[in-house]
Amino acid sequence: MKRADNQRKELSQYSSTAYRGGAFAQFLRLFVLSSLLLPWSYQATHSSEEPRDKESALVLSVVTTLFDGMRSKDSQKLRSVFSEGASLGETPVEKFIEGVLASKALLDEVTFDETVLIDGELAMAWTPYNLFVDGVFHHCGVDVFVMRKSDGEWKIRYLDDTRRGEGCDEAHR
């Protein structure tokens with residue numbers, strides 16, 4: 001019984017006005033504020049994030065090179081981003097490249113809000129996109145790229161996508 005009374009007294013001090021507005025409240029505010037700011041200060045001063053950002057940029061540069069190759073119908077540029085044995089869904093790379101080169105239309109695929117995940121020499125890029133054909137919106141979707149780093153270069157091993165004509169934000173250009 002005495003133990004229960006002691007516990008109640010301890011708990012009552014936590015709900016007192018003096019306690020809520022006193023030193024504990026100041027400590028709590030400082031703790032919460034520092035918890036919010038600490039990750040930013042760590043990122044701003046810790047250089048190990050820079051290589052990850054650089055690698056993410058390199059992964060996205062492969063995506064950019066692919067779509068630049070589609071726009072310019074440059075077979076060398078298109079082939080340069082794929083590793084041997086790569087595929088686009090169930091389509092072999094060569095069949096995809098032949099289709100791009102044979103098309104008389106200007107194919108302009110634009111990505112936005114990209115997400116890149118990297119673990120060692122494996123990367124995944126999730127890239128929402130809009131496709132414009134001869135300057136006219138055609139469809140949107142998401143491209144998923146799986147890449148491997150080999151000899152210091154990121155190469156596409158697998159690429160797949162979704163396609164839809166509704167629920168798209170055509171402003172991304």
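The questions and answers below go through pockets, strand pairing, a disulfide and a few single residues in a predicted model.

Q: What is the volume of the largest pocket?
A: Rolling a probe the size of a water molecule over the atoms shows where empty space is left. In this predicted model, the largest pocket found has M70, F96, E109, D161 and R163 nearest its centre. The volume of this largest pocket is about 390 Å³.

Q: Which elements give two or more residues to the lining of the largest pocket?
A: The largest pocket is lined by 19 residues, and by class these are nine nonpolar, five polar and five charged. Helices and strands both appear among the elements that give two or more residues to this lining, and they are α4 (49–72), α6 (93–102), β3 (107–111), β5 (122–133), β6 (136–150) and β7 (153–161).

Q: Which element gives the largest share of the lining of the second largest pocket?
A: The second largest pocket has a volume of about 150 Å³, and its lining includes L58, S61, V62 and T65, along with W154 and K155. Two elements, α4 and β7, give two or more residues to that lining. The largest share amounts to four residues, and the element that supplies it is α4.

Q: How many residues in the lining of the second largest pocket are charged?
A: Among the residues that line this pocket are E153 and K155, and Asp, Glu, Lys and Arg are the residue types that count as charged. The lining divides into four nonpolar and four polar residues, while the number of charged ones is two.

Q: In which sense, parallel or antiparallel, do β1 and β7 pair?
A: Strand β1 covers residues 82–88, and three bridges join it to β7. One place to look is L88, which stands opposite L159 in β7. The sense in which these two strands pair is parallel.

Q: How many bridges are there between β6 and β7?
A: These two strands pair in the antiparallel sense, and M147 stands opposite I156 in β7. They also form a hairpin, which has two residues between the strands. The number of bridges over which β6 and β7 pair is eight.

Q: Is D151 buried or exposed?
A: D151 is placed in the loop between β6 and β7, and its phi is near 50°, a positive value in a residue other than glycine. A residue counts as exposed when its relative accessible area is over 50%. Because the relative accessibility of D151 is 79%, this residue counts as exposed.

Q: What is the phi of K73?
A: K73 lies in the loop between α4 and α5 (75–80), and with a relative accessible area of 25% it is partly exposed. Although K73 is not a glycine, its phi is positive, with a value of about 55°.

Q: Why is the disulfide of C140 and C168 called left-handed?
A: A disulfide is a covalent bond between the sulfur atoms of two cysteines. In this model the sulfur atoms of C140 and C168 are 2.0 Å apart, which falls within the 2.5 Å cut-off for a disulfide. The disulfide is left-handed because the torsion about its S-S bond is about -70°.

Q: How many residues apart are C140 and C168?
A: C140 belongs to strand β6 and counts as buried, at 3% relative accessibility. C168 is in the segment after β7, and the pair links distant parts of the chain. Along the chain, the separation of C140 and C168 is 28 residues.

Q: Which residue's backbone oxygen does the side chain of S87 reach?
A: S87 is found in strand β1, and this residue is buried, with a relative accessible area of 18%. In sequence S87 and R157 are 70 residues apart, whereas in space they are 6.6 Å apart, C-alpha to C-alpha. The side chain of S87 makes its contact at 3.3 Å, and the backbone oxygen it reaches is that of G89.

Q: How far apart in space are V93 and R79, C-alpha to C-alpha?
A: V93 is found in helix α6, and a relative accessible area of 12% makes this residue buried. V93 and R79 are 14 residues apart in sequence, and their C-alpha to C-alpha separation in space is 8.1 Å.

Methods
Residues are numbered from 1 along each chain as its sequence is written. This is a predicted model: local features need pLDDT of at least 70, side-chain atom pairs count only at pLDDT 80 or more; totals for chains, interfaces and linings use all residues. Side-chain values use heavy atoms; hydrogens and water are left out. On a 1 Å grid over the protein atoms alone, a cavity is a set of points where a 1.4 Å probe fits but cannot get out, and a pocket is an open set with protein on both sides within 12 Å along at least five of seven lines; lining residues have an atom within 4 Å of a point. Grid points are joined across faces, edges and corners, and a volume is the space filled by probe spheres set on the points. Two strands pair if DSSP finds at least two bridges between them. Buried means under 20% relative accessible area, exposed over 50%, partly exposed in between (1.4 Å probe, protein chains only). A polar contact is a pair of N or O atoms within 3.5 Å; within protein, one must be able to donate a hydrogen and the other to accept it, and residues adjacent in sequence count only if both atoms are side-chain atoms.
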